[in-house]
Amino acid sequence: MMRFKIDENLPAEARDILPKAGFDAATVADEGLAGSPDEAIAAICRREDRTIVTLDLGFADIRVYPPQEYAGLIVLRLLRQDRATVLQIIERLIPALRNERLEHCLWIVDERRIRIRQ
């Protein structure tokens, strides 16, 4: 089963979308990690074998966060970051999560496409 860590910069409702689709999801905020540095969140994701889902473009830097060291990295690179748009994009990810490789990959997601870097 794929396991996800929802970053604190995403709406809390994002936590509910993934389990409804059959995935395990935990949030940074629910686990008392809000305000933790990115490096700490990344280390926890590695230890728990979870994919981070975030709006933080820093996680797209493969020199700092090499995809091969993570269960997966999903970075939402959205022009509009309002609650409705973010939730809609996460919903749109569900079929791709079932059909595309995520393990050890970086997914850059925008309004029109998903770019996958292995």
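Me: What does Ile62 count as: buried, exposed or partly exposed?

Reply: A friendly note first: this is a predicted model, in which local features need pLDDT of at least 70 and side-chain atom pairs count only at pLDDT 80 or more, while totals for chains, interfaces and linings use all residues. Residues are numbered from 1 along each chain as its sequence is written, and side-chain values use heavy atoms, with hydrogens and water left out. Ile62 lies in the loop between E3 and E4; helices (H or I, at least four residues) and strands (E, at least two) are DSSP runs numbered from the N terminus. Buried means under 20% relative accessible area, exposed over 50% and partly exposed in between, with a 1.4 Å probe and protein chains only, so Ile62, at 26% relative accessibility, counts as partly exposed.

Me: Thanks! How far apart in space are Ile62 and Cys105, C-alpha to C-alpha?

Reply: Ile62 touches Pro67, Leu106 and Arg117, leaving out residues up to four places away in sequence; contact means heavy atoms within 4.5 Å. Ile62 and Cys105 are 43 residues apart in sequence, and their C-alpha distance is 10.0 Å.

Me: Which strands are the edge strands of the sheet?

Reply: The open sheet has 6 strands in the order E2-E1-E3-E4-E5-E6, with mixed pairing; two strands pair if DSSP finds at least two bridges between them. Two of these strands pair on one side only, and they are E2 (24–27) and E6 (114–117).

Me: How many degrees are neighbouring strands of this sheet turned against each other on average?

Reply: Axes here are lines fitted to C-alpha atoms, for helices over the stretch in contact, and angles run from 0 to 180 degrees between N-to-C directions. For neighbouring strands of this sheet the direction is ignored, and the average is 20 degrees.

Me: In E2, which residue is the bridge partner of Arg3?

Reply: Strand E1 (residues 3–6) and E2 run parallel, joined by 4 bridges. In E2, the bridge partner of Arg3 is Asp24.

Me: And in E6, which residue is the bridge partner of Trp107?

Reply: E5 and E6 form a hairpin with 4 residues between them. They pair in the antiparallel sense over 4 bridges. In E6, Trp107 has as its bridge partner Ile116.

Me: Why are the buried residues of H2 on the same side?

Reply: Helix H2 (residues 38–48) lies across E1 and strand E3 (51–54), running at about 165 degrees to E1, and the buried residues of H2 pack against E1 and E3. Those buried in H2 are Ile41, Ala42, Ile44 and Cys45. They are on the same side of H2 because the arc that they cover around the axis, taken from the directions from the helix axis to the C-beta atoms, is only 160 degrees.

Me: Which exposed residues does the face of H2 turned away from its buried side carry?

Reply: As background, an α-helix has 3.6 residues a turn, so residues three or four places apart point the same way. On H2, the face turned away from the buried side carries the exposed residues Glu39 and Arg47.

Me: Which element gives the most to the largest nonpolar core?

Reply: A nonpolar core is a set of buried Ala, Val, Leu, Ile, Met, Phe, Trp, Tyr and Cys residues joined through side-chain atoms within 4.5 Å. Of the 26 residues in the largest one, those touching the most other members are Phe4, Leu10, Leu18, Ile74, Leu76, Leu97 and Trp107. Two or more residues come from each of E1, H1 (14–20), E4 (73–76), H3 (83–99) and E5 (106–109). The element that gives the most, with 8 residues, is H3.

Me: What is the relative accessible area of Val53?

Reply: Val53 is found in strand E3. Not counting residues up to four places away in sequence, Val53 touches Phe4, Lys5, Ile6, Asp7, Leu10 and Ile74. Val53 is buried, and its relative accessible area is 3%.

Me: How many degrees lie between the planes of the aromatic pair Phe4 and Phe23?

Reply: The structure holds 3 aromatic pairs; rings of Phe, Tyr and Trp (its six-membered ring) pair if their centres lie within 6.5 Å, with planes under 30 degrees apart counted as stacked, over 60 as edge-to-face and the rest as tilted. Phe4 and Phe23 are 5.6 Å apart centre to centre and edge-to-face, the angle between the planes being 80 degrees.
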